[in-house]
Amino acid sequence: MRVLTAFIQKEVVELYRTGKLALLLILFILFGIMNPAMAKLTPWLMEMSAESLAESGMVLGEVTVDAMTSWAQFYKNMLIVFIVFVILSSNILTNEYQKGTLINMLTKGLSRWKVIAAKTFVMIAFWSICYWIHFGITYGYTVYFWDNSIVSHTVMGALCPYLFGIWLITLIFFWSSFVKENIGVLTGTGAIVLVSYLTGMISKVGKYLPTQLLSSGELLTGATQPSDYLGAIVVTIGISVVCIILSILFFNRKNV
């Protein structure tokens, strides 16, 4: 347990030294501020473009901005948040392979499963902190500027993208356990997300796939209910656990 704790501390220090800790925290805080800010600025932006649109024959009606507009920005920006997080996190193991930094620790007796366990714990903890700060800032500003009572299932709606992010982290470890290049991790992770998305579009099993969680913004309008996402939540958690188990099995046989 002492070795595992020491390795977790080493991972946290590395996140700090590489600047990823500060960079991701700043980005998530900025996104949290940007969601309500964009909603607040929407009438002004529409007014600025009204004249040029009128010249092309388009007339803008009155623009109504409320809490729903702010949350719509939150879910719209989540795609960018996921892409940025995956790109910055995808080299968590491949960087160690290229520098050979794991060899000394493994030859001195560090168990391989502890490497995966410690790195997974740190990444999920880091994702959790960043994501809920992002959500909390958006929630705070939205409540301050508008009446949030028109929004349904705010927390449940936010829980779904959070779980989707954890699934992405486990996919990163899954691919990192048997490829050595960062591009392989990014390609593999993106391919699985794309397959899940396309399968969901053409098949009834879509409501059980992790990508179903990305539509949880509909909970806020009442178009869907929490029960509509239970299947996808259970499957996502199950796949995430399997990905980590497979990561440990593959990593145990990997030549680092």
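Tyr 144 is exposed in this predicted model, with a relative accessible area of 67%, a value that lies over the 50% needed for that label. Its partner in an aromatic pair is Phe 145. The geometry of this pair is edge-to-face, with 5.1 Å from centre to centre and 75° between the planes. Phe 145 itself is partly exposed, at a relative accessible area of 35%.

The pair of Tyr 144 and Phe 145 belongs to a wider set, for the structure holds 26 aromatic pairs. Another of them brings together Trp 132 and Tyr 162, whose ring centres are 5.3 Å apart. The planes of these two rings meet at 50°, so the pair is tilted. Trp 132 sits in helix α6 and Tyr 162 in helix α7, so this pair ties together parts that are 30 residues apart in sequence. The two partners also fall into separate accessibility classes: Trp 132 counts as partly exposed at 29% relative accessibility, whereas Tyr 162 is buried at 13%.

The loop between α6 and α7 is the place of His 153. The phi angle of His 153 is near 50°, a positive value in a residue other than glycine. With a relative accessible area of 33%, His 153 is partly exposed. Thr 154 follows in helix α7, and this residue is buried, with a relative accessible area of 11%. What does Thr 154 touch, leaving aside its neighbours within four places in sequence? The contacts are Trp 71, Tyr 75, Phe 135, Tyr 139 and Asn 148.

It helps here to step back to the whole fold. The protein has ten helices and zero strands, so that from the N terminus on every element in the run is an α element. The C-alpha trace spans about 70 × 40 × 35 Å along its principal axes. Of the 256 residues in the protein, 41% are buried. Contacts that reach far along the chain are well represented: among those between residues at least 6 apart in sequence, 80% join residues at least 24 apart.

Helix α10 offers a view of one element in detail. This helix covers residues 230–252, 23 residues in total. From its first C-alpha to its last, α10 reaches 33 Å, close to the 33 Å expected at 1.5 Å a residue. Which residues of α10 are buried? They are Ala 232, Ile 233, Thr 236, Ser 240, Cys 243, Ile 244, Ser 247 and Phe 251. An α-helix has 3.6 residues a turn, so residues three or four places apart point the same way. The buried residues of α10 pack against α4, α5 (101–107), α6 and α7. Val 234 lies in α10 as well, but this residue counts as exposed, at 59% relative accessibility. The C-alpha atom of Val 234 is 9.5 Å from that of Leu 209, a residue 25 places away along the chain.

Attention now turns to the open spaces in the model. Rolling a probe the size of a water molecule over the atoms shows where empty space is left. The largest pocket holds about 610 Å³ of space. It is lined by 21 residues, and those closest to its centre are Leu 79, Phe 82, Phe 164, Val 193 and Leu 214. Two or more lining residues come from each of α3 (67–89), α7 (154–176) and α8 (182–202). Helix α3 gives the most to this lining, with seven residues. By class, the lining of the largest pocket has 15 nonpolar and six polar residues, and no charged ones.

The second largest pocket has a volume of about 200 Å³. Among its 16 lining residues, Glu 14, Leu 15, Lys 20, Asn 91 and Ile 92 are the closest to its centre. Which elements supply at least two residues each to the lining of the second largest pocket? They are α1 (2–17), α2 (20–55), α3, α4 (94–99) and α6 (112–145). The largest share, four residues, comes from α6. The lining of the second largest pocket divides into seven nonpolar, four polar and five charged residues, while that of the largest pocket has no charged residues.

Technical notes. Residues are numbered from 1 along each chain as its sequence is written. This is a predicted model: local features need pLDDT of at least 70, side-chain atom pairs count only at pLDDT 80 or more; totals for chains, interfaces and linings use all residues. Side-chain values use heavy atoms; hydrogens and water are left out. On a 1 Å grid over the protein atoms alone, a cavity is a set of points where a 1.4 Å probe fits but cannot get out, and a pocket is an open set with protein on both sides within 12 Å along at least five of seven lines; lining residues have an atom within 4 Å of a point. Grid points are joined across faces, edges and corners, and a volume is the space filled by probe spheres set on the points. Ala, Val, Leu, Ile, Met, Phe, Trp, Tyr, Cys and Pro count as nonpolar, Asp, Glu, Lys and Arg as charged, and the others, Gly among them, as polar. The expected span of a helix is 1.5 Å times one less than its number of residues. Buried means under 20% relative accessible area, exposed over 50%, partly exposed in between (1.4 Å probe, protein chains only). Contact means heavy atoms within 4.5 Å. Rings of Phe, Tyr and Trp (its six-membered ring) pair if their centres lie within 6.5 Å; planes under 30 degrees apart count as stacked, over 60 as edge-to-face and the rest as tilted.
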